[in-house]
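User: I'm new to this structure and would like a close look at one part of it, with the surroundings filled in afterwards. Could you walk me through a strand and what sits around it?

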Amino acid sequence: MLSVFLVTFYILIQSVACRNIIHELHQPQQFHLGLAENPKSMYITWATEADSGKGFLKYGENETSFVTVEVSCEKYIHYDGYNNSQRAGYVYKAVATNLKLDTTYVYSVGNSYASSKWRSFKTLKSDASSWSPTILLFGDLGLVNPVSMSYMKKLKGTFSYVLHLGDIAYDMDDDEGIVGDKFMNMIEPLSAYHPYMTIPGNHDSGHNFTEYKNRFNNPGKDNLFYSLDIGPAHIIFYNSEAYYFLDEYGYDRMQTQYNWLEQDLIKAVANRKTIPWIIVHGHRGLYCSSMDTLTCTKDNLMRVGYKGDYSLEALFHKYGVDLAVNGHEHDYERMYPLYHYNYEKFSSIHLYENPKYTTYVILGNAGNEEDFSLFQEKKPVWSVVRERIYGYAMMDITSSSLNFTAYGINEETNTSLLIDYFTITKDT
């Protein structure tokens, strides 16, 4: 009798354990929101550890009245270049449509095995140019030593969207993509509740950007470059890596992006009376004073172009780009408005009034497993502020001003401190 009881008890325990394992394999995770080209839509992306079949997205203004959307499971392969191994990944990419502006929505996702708790997001305030967005920006954030993340998650609800300036997780494909999985779960305090926009960096380029293109859902043809109108700013997200890895991925990507970028800028200039600001973001910058012999030099390929063609600096100057914010260098640096190393000085280093050149900022100091970049010993005359400290930035955009504030992180107290601020104004 006792033996029968023990066998029955063992079978029950094994059954419960099996159900728990199945539930865990199919439990949605890695929640990530993204802005769509239509401000009345929102990309919602998540992943599971196993092929969970058809999934669903529920969204609405409350948990009792919602729209349900069926979502297909997309399988892709995590390639681990270091260990020459691979693992399957499963991602779901959905779109919430017909949303009201300036409205809070709740959402839940799942499949036939498991579902998530309800989370929330707020749509952009307006699709007009009259409102003033606030953007949280940072670059080069890794799974290891993500110093700024511990403070940035406290900022929930204080900004319109997040921008990660490339080099994500360090690296997403490591350990057959497990590093990427852990990173995506780590950023959920930001990415599950706010649009989390991205651009690719050199650490995201593995296997032709496989991890990047599968994990993120941005507007545009292949996630690598796109643009959006956000309030009074036309914001361009470009792939700086199109100028590198040329032997590995060819020249077509550079040419295609350049041609798209020029056409996009032409449209932005034609619409400048309505949307006065043009801001660009790429992982690597055109100007910096770190000891980086590939990027922080006068023959920077993006700046001078390839064999004299496809120069981004010439394009930015021709169409009057106001601000470029980049990462890659693990530091913070802000420049005077620059063109061909000619710079404009103003009576105050904190106010640029009607500059005729583009202002450049390096913001690659969010924290990762690598150390800070080293600055060149002599500070260039065109460099205004240089700091080797972990941090992030906030940018407020109005129809008459760009207001940029950079913060450092006090690691002992987990508090932020002001390291720089500046405003760009122009007559409209």
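Analyst: Let's start with a pairing. Strands β9 (residues 134-138) and β11 run parallel, joined by four bridges. One bridge you can pick out pairs F138 with H164 of β11. Keep in mind that this is a predicted model.

Now for β11 itself, which covers residues 161-164. Is it covered on one face or both? Both faces are covered: Y161 and L163 are buried on one side, and V162 and H164 are buried on the other. Besides β9, strand β11 has a parallel partner in β13 (residues 196-198), with three bridges between them. Here L163 is paired with M197 of β13. So much for the pairing.

A little further along the chain comes I168, in strand β12 (residues 168-169). I168 counts as buried because its relative accessibility is 0%, and the cut-off for buried is under 20%. What does I168 touch, leaving aside residues up to four places away in sequence? The list is L141, F183, T198, I199, D204, Y212 and F216. There's also a distance you can check: the C-alpha atoms of I168 and L143 are separated by 8.3 Å, with their positions 25 residues apart along the chain.

Next, helix α7, which spans residues 252-270. Its 19 residues should span 27 Å at 1.5 Å a residue, and the end C-alpha atoms are 27 Å apart, so the two agree. The buried residues in α7 are R253, M254, Q257, Y258, L261, E262, D264, L265 and A268. What covers them includes α5 (206-215), β14 (226-230), β15 (233-237), α6 (246-249), β16 (277-282) and α9 (312-318).

Two of those neighbours, β15 and β16, help place a salt bridge. The side chains of R284 and E241 meet with N and O 2.7 Å apart. R284 lies in the loop between β16 and α8 (301-304), while E241 lies in the loop between β15 and α6, so this pair ties together parts that are 43 residues apart in sequence. Both R284 and E241 are buried.

Helix α9 has a salt bridge of its own to look at, formed by R303 and E313 at 2.9 Å, N to O. R303 sits in helix α8 and E313 in helix α9, and the pair links distant parts of the chain, 10 residues apart. R303 is buried with a relative accessible area of 7%, and E313 is buried at 0%.

For a contrast in exposure, try K54 and E70, whose closest N and O atoms are 3.9 Å apart in another salt bridge. K54 is in the loop between β2 (42-48) and β3 (55-62) and E70 is in strand β4 (residues 65-71), so the pair ties together parts 16 residues apart in sequence. K54 is partly exposed at 48%, whereas E70 is exposed at 60%. The model has 13 salt bridges in total, and R87, D181, E211 and R215 are linked in a network of them.

Finally, the cysteines. There is one disulfide, between C288 and C296, with the sulfur atoms 2.0 Å apart. Its S-S torsion is about -110°, so the disulfide is left-handed. Both C288 and C296 are buried, while C73 is partly exposed at 22% relative accessibility.

Definitions and conventions:
Residues numbered from 1 in each chain as written. Predicted model: local features only at pLDDT ≥ 70, side-chain atom pairs only at ≥ 80, totals over all residues. Heavy atoms only, no water. Helix = DSSP H or I, 4+ residues; strand = E, 2+ residues; numbered from the N terminus. Expected span 1.5 Å × (residues − 1). Buried < 20%, exposed > 50% of the residue type's maximum accessible area, 1.4 Å probe, protein only. Contact = heavy atoms within 4.5 Å. Pairing = 2+ DSSP bridges. Disulfide = S-S within 2.5 Å. Salt bridge = Lys/Arg side-chain N within 4 Å of Asp/Glu carboxyl O.
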